[in-house]
Amino acid sequence: MKLLYELNDRPPAGSTFLLALQHMLASIGGIIAVPLIVGSAIGLPAGDVVTLINAALFVSGAFTIVQCLGVGPVGIRLPVVMGSSFAFLGIAIGIGKADGVSGIMGAALVGACLVIVSAFFMEQIRKLFPPVVSGVVVTLIGLTILPVAMNWIGDAPSGSDQFATLPKLFLAAISLLVVLLVSTYAKGGVAASAIVIGLAGGYLVALSMGMVNLDQLHNSSWFAAPEPFKFGLSFSWPAIIGMCLAYIVVIAEATGDFLALASNCHRTISGKDLKRGLLGDGIGSAVGSLFGAMPLASFSQNVGIVGITGVASRFVVGTTGALLILAGLFPKFGALAVSVPKPVLGGVGFVMFGMIAYAGIRMLVKAADTRRNALVICVSLAAGLAVTIKPSLLQHLHHDIAQLLHSGITTGTIVAVMLNLVLPKSREDVTAEREAEEEEMNSEHTQPLNEDTAEPVMVSATAPKDAPLDEDSKPTQ
């Protein structure tokens, strides 16, 4: 897909704001949901829950900017939106009930150190993710996150009479239809803003149907500053071990997100790039624990927005970070975005999450077409989808193992990596793999990232194609 705005493009101010706003609208519900659910589940007072939410928005915004623009060796310099990850939901509630919020923050701080240490081994870890493996991971991110959109559309406990009622289905369909029409028939910046226009269209219809709840907007205060160490820090081994298991899941998911995002931005990324991205994740989570925010991770839904809009500008998503910081300082600003009904989010989510799966399928098409790779792909996808569709398959495993494998992304990643390492390669496999890698490196649409500026590393267009490169113009490997 041709990009409307490249990685380092700076759209006009009005377009930048609108494009950044749709990223914020897609992510703010997820960022708020984790502290809201955890705080409510462990019985926190309403005021403390609001503090958790404000901290999550503020820290997410700050480290979205860090990931997009980079600060020294930290930040992958891709349009990454950071937020509170649902991977931590179950373990955070368990720790919170036993040790309170201080226990969650203490375990999150230690777990973040695990991510930081892991980042320094990403050169080796990256070798475990050739196209056949990374394509499986990215495809699973898109497919396994689809239930989130379905639950948004249902907007009620599964099995309830209120799940996916006709008005909710209608709202989701209207939102999806608006996105499709705008993407198909509009041009330029309007087409790129299809997601936010779909959200706005669905919101207006929901208002006319009386399906928008404005209570949170009315009850929220105008200004709230971050409160470092409000909840304190406490440490216990069971909490730390459980949180570290969740972080392992997030490392796998973040790697897949970065690979998918790079593919959507027409870039290839190295182990050094992944290292900078994971340092952003780890340091962001560490800082977040000091401010009372839940652990951070990259948001998969925003990867889909880059794919569907063709807007890869990291400065647009950096602006999203600024909007999230404002939402954290001015709760009414965030409350307005959160008032978007979940069925509306679910309708546009079908497109966003489907685009992630499409990015993964594109990566699989570029992998060597051999029987061995077909086995890796088929078994890995099946394993990842199996635990997603039937979580009860894990019910007789040890709790810690079940906790690790409950994510279809993690299970599929582990199976893909193991099969790729274990299954022998014939001479035909080696030849086909080399040809696929050469074709990828010679692609005119994909360039490696420059380590410092995120500029594509390429030969000057004015130089003859067969001219040798001087030392300053050689592409980095």
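**Helix packing and selected residues in a predicted model**

Let me begin with helix α5, residues 131-154. At 1.5 Å a residue, its 24 residues should span 34 Å, and its end C-alpha atoms lie 35 Å apart, which agrees. I should state at once that this is a predicted model.

How enclosed is α5 by the rest of the structure? Of its 24 residues, 17 are buried, so the helix is largely enclosed. Buried here means under 20% relative accessible area. Directly after α5 comes aspartate 155, which has a positive phi, near 50°.

Before going further with the helices, a word on the chain as a whole. The protein chain contains 19 helices and four strands. It has 477 residues, and 54% of them count as buried. Among the contacts with a separation of 6 or more, 84% are between residues 24 or more positions apart.

I turn now to the partners of helix α15, residues 342-366. The α5 helix packs against α15 at an angle of about 170°, and the two axes are 8 Å apart. Angles over 145 degrees count as roughly antiparallel, and α5 and α15 are therefore roughly antiparallel to each other. By class, the residues of this contact comprise 23 nonpolar, eight polar and one charged.

Helix α8, residues 194-208, also packs against α15, here at an angle of about 155° and with the axes 9 Å apart. That angle makes α8 roughly antiparallel to α15. The crossing of α8 past α15 is right-handed. Which residues make the contact? On the α8 side they are Ile195, Gly198, Leu199, Gly202 and Tyr203, and on the α15 side Val344, Leu345, Val348 and Met352. Seven of the residues in this contact are nonpolar and two are polar, with no charged residue.

Following the chain onward from α8, we come to methionine 209, in the loop between α8 and α9, the latter being residues 215-219. Is methionine 209 buried or partly exposed? Its relative accessible area is 33%, so methionine 209 is partly exposed. With neighbours within four places in sequence left aside, methionine 209 is in contact with Pro167, Phe170 and Leu171. For the last of these, leucine 171, the separation from methionine 209 is 38 residues in sequence and 9.5 Å in space, C-alpha to C-alpha.

Another pair worth showing involves leucine 4, which is placed in the segment before α1, residues 13-41. Its relative accessibility of 36% means that leucine 4 counts as partly exposed. How far apart are leucine 4 and lysine 187 in sequence and in space? They are 183 residues apart along the sequence, and their C-alpha atoms are 9.9 Å apart.

Next, backbone geometry in two loops. Arginine 77 is not a glycine, yet its phi is positive, about 65°. This arginine 77 sits in the loop between α2, residues 46-69, and β1, residues 82-84. Its relative accessibility is 5%, so arginine 77 counts as buried. Phenylalanine 229, likewise not a glycine, has a positive phi of about 60°. It belongs to the loop between α9 and α10, where α10 is residues 237-264. At 51% relative accessibility, phenylalanine 229 counts as exposed.

The final part concerns the region of α16 and α18. Arginine 372 is found in helix α16, residues 371-389. Where does its accessibility place it, buried or exposed? The value for arginine 372 is 7%, so this residue counts as buried. Apart from neighbours within four places in sequence, arginine 372 contacts Leu419, Asn420, Leu421, Leu423, Pro424, Lys425 and Asp429.

Helix α18 spans residues 408-422. It has 15 residues and reaches 21 Å from first C-alpha to last, close to the 21 Å expected at 1.5 Å a residue. The buried residues of α18 include Gly408, Ile409, Thr410, Thr411, Gly412 and Thr413. Further along α18, Ala416, Val417 and Asn420 are buried as well. Asn420 was also named among the contacts of arginine 372.

To close, I return to α15. Both α5 and α8 are roughly antiparallel to α15. The contact of α5 with α15 includes one charged residue, whereas the contact of α8 with α15 has no charged residue.

Methods. Residues numbered from 1 in each chain as written. Predicted model: local features only at pLDDT ≥ 70, side-chain atom pairs only at ≥ 80, totals over all residues. Heavy atoms only, no water. Axes fitted to C-alpha atoms, helices over the stretch in contact; angles between N-to-C directions. Parallel < 35°, antiparallel > 145°, perpendicular 65-115°, else oblique. Left-handed = near helix turned anticlockwise from the far one by under 90°. Contact = heavy atoms within 4.5 Å. Nonpolar A, V, L, I, M, F, W, Y, C, P; charged D, E, K, R; others polar. Expected span 1.5 Å × (residues − 1). Buried < 20%, exposed > 50% of the residue type's maximum accessible area, 1.4 Å probe, protein only.
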